[in-house]
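Please look over the sequence and the 3D model below before reading on. The text that follows walks through charged pairs, sulfur links and one helix packing.

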Amino acid sequence: MRSSVSLVVAFAASCAFAFPAPLQPRTDSHEHSDDTTAWDDGATHDFIIHDSCNSSETLQLRKGLADAVTLADHAKAHILRFGNSSEHYRKYFGNAPSGQAIGYYEKVINGDKGDALFRCDNPDGNCQQPEWAGHWRGSNATNETVICQLSYSTRRPLEQLCALGYTVAGNEANTYFGSDLLHRLYHMPAFGENYVEHFAEDYAEALELARSNDSYTTRDSDVLQYFALDVYAYDIVVPGSGCSGSESSMGSASETPTLSMTDAPASTSDAPS
């Protein structure tokens with residue numbers, strides 16, 4: 001009898017080794033606790049529009065800002081594809097390295113937008129002046145830009161690029177809401193970093209800057225606008241043709257009035273720039 005019991009015990013012990021214990025859920029040592037925050041927690045991904053803008057102004061501003069991002073996005077894509085070797089790149093940036101231009105377009109596309117505010121209430125009184133379509137508030141409020149009523153009645157949507165007789169050479173850089181807002185974004189430190197400036201004031205000066213002093217081209221506001229418009233027209237709107245126009249046609253287009261791209265900080269400021 002005792003030997004039978006011993007056999008039973010031995011058999012049970014062998015079964016314990018033959019059949020492994022049930023699997024237990026694995027504890028992941030890299031699991032994040034509920035209170036862990038993402039590295040970009042608090043980021044602002046959308047442009048901020050002040051509540052002084054009514055629903056129509058807000059809608060137009062959002063569309064214009066989307067156009068600005070579209071222009072910047074394609075300008076960056078063109079440079080990433082061709083580097084600083086394309087005809088359009090050399091026309092506007094000369095022999096300058098391409099990294100800085102890419103960076104300033106990328107700032108508009110994916111830069112944090114929490115330190116930039118667009119408003120419509122004319123706090124500095126500048127919108128009362130003739131032909132003022134908007135202005136950066138400068139020392140009054142470094143992160144704010146005012147969009148005056150004139151912008152909403154004169155700026156064109158990007159869908160009209162190359163239409164109505166427009167050429168890049170023959171019309172102002174602020175003809176389209178998107179390109180105008182691209183310029184206004186670069187005045188705010190969040191995007192222009194107090195480094196993007198106006199070294200050229202029009203199309204002719206932009207091209208001359210590329211020929212004679214290209215060290216400034218990739219941080220010139222007008223150059224960044226003209227290049228974005230020109231390559232979007234050539235690559236996307238009218239592929240292989242675009243609507244560059246010629247230097248001899250500069251200022252000859254008459255469909256769009258010439259408006260001040262004013263960036264004065266206050267009502268007592270100097271003349272529009």
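**Salt bridges, disulfides and a helix pair**

The count of salt bridges comes to twelve, a salt bridge being a side-chain nitrogen of Lys or Arg within 4 Å of a carboxyl oxygen of Asp or Glu. The model is predicted, so local features need pLDDT of at least 70 and side-chain atom pairs count only at pLDDT 80 or more, while totals for chains, interfaces and linings use all residues. Residues are numbered from 1 along each chain as its sequence is written, and side-chain values use heavy atoms, with hydrogens and water left out.

Side chains of opposite charge can pair when their charged atoms come close. One of the salt bridges is formed by Glu159 and Lys63, whose closest N and O atoms are 3.1 Å apart. This pair links distant parts of the chain, with Glu159 in the loop between H5 and H6, Lys63 in helix H2, and the two positions 96 residues apart. Helices (H or I, at least four residues) and strands (E, at least two) are DSSP runs, numbered from the N terminus. Glu159 counts as exposed at 59% relative accessibility, whereas Lys63 is partly exposed at 33%. For these words, buried means under 20% relative accessible area, exposed means over 50%, and partly exposed is in between (1.4 Å probe, protein chains only).

Helix H2 takes part in another salt bridge, in which the side chains of Lys76 and Glu106 meet at 2.8 Å, N to O. Here Lys76 is in helix H2 and Glu106 in helix H4 (residues 99–110), 30 residues apart. Lys76 counts as buried, with 16% relative accessibility, and Glu106 is partly exposed, with 25%.

Arg155 and Asp180 form a further salt bridge, and their closest N and O atoms are 3.4 Å apart. Arg155 lies in the loop between H5 and H6 and Asp180 in helix H6, so this pair ties together parts that are 25 residues apart in sequence. Arg155 is buried at 9% relative accessible area, and Asp180 is buried at 0%. Elsewhere, salt bridges link Arg119, Asp121, Asp124, Arg137 and Glu144 in a network.

Which charged residue is buried yet has no salt bridge? It is Arg219, and the nearest side chain of opposite charge, that of Glu197, is 6.0 Å away. In this comparison Lys and Arg count as positive and Asp and Glu as negative, while His and the chain ends are not counted. Arg219 lies in the loop between helix H8 (203–212) and helix H9 (221–237). Leaving aside neighbours within four places in sequence, Arg219 is in contact (heavy atoms within 4.5 Å) with Gln100, Tyr195, Val196, Glu197 and Phe199.

The next topic is the sulfur links. The structure holds three disulfides, a disulfide being a pair of cysteine sulfur atoms within 2.5 Å. With the bonded cysteines numbered in sequence order, the pairing is 1-2, 3-4, 5-6.

One disulfide joins Cys53 to Cys120, with an S to S distance of 2.0 Å. This pair links distant parts of the chain: Cys53 is in the loop between strand S1 (48–49) and helix H2 (55–82), and Cys120 is in the loop between strand S2 (117–119) and strand S3 (134–136), 67 residues apart. The link of Cys53 and Cys120 is right-handed, with 90° about the S-S bond. Cys53 is buried at 7% relative accessible area, and Cys120 counts as buried at 13%.

Another disulfide joins Cys127 to Cys148, S to S 1.9 Å. Cys127 lies in the loop between S2 and S3 and Cys148 in the loop between strand S4 (144–147) and helix H5 (149–154), so the pair ties together parts that are 21 residues apart in sequence. The link of Cys127 and Cys148 is left-handed, with -75° about the S-S bond. Cys127 counts as partly exposed at 22% relative accessibility, while Cys148 counts as buried at 2%.

Cys162 and Cys243 are also joined by a disulfide, S to S 2.1 Å. Cys162 lies in the loop between H5 and helix H6 (177–187) and Cys243 in the segment after H9, so the pair ties together parts that are 81 residues apart in sequence. Both Cys162 and Cys243 are buried.

Lastly, H2 and H6 pack at an angle of about 80°, with their axes 7 Å apart. That makes H2 roughly perpendicular to H6.

Note on methods:
Axes fitted to C-alpha atoms, helices over the stretch in contact; angles between N-to-C directions. Parallel < 35°, antiparallel > 145°, perpendicular 65-115°, else oblique.
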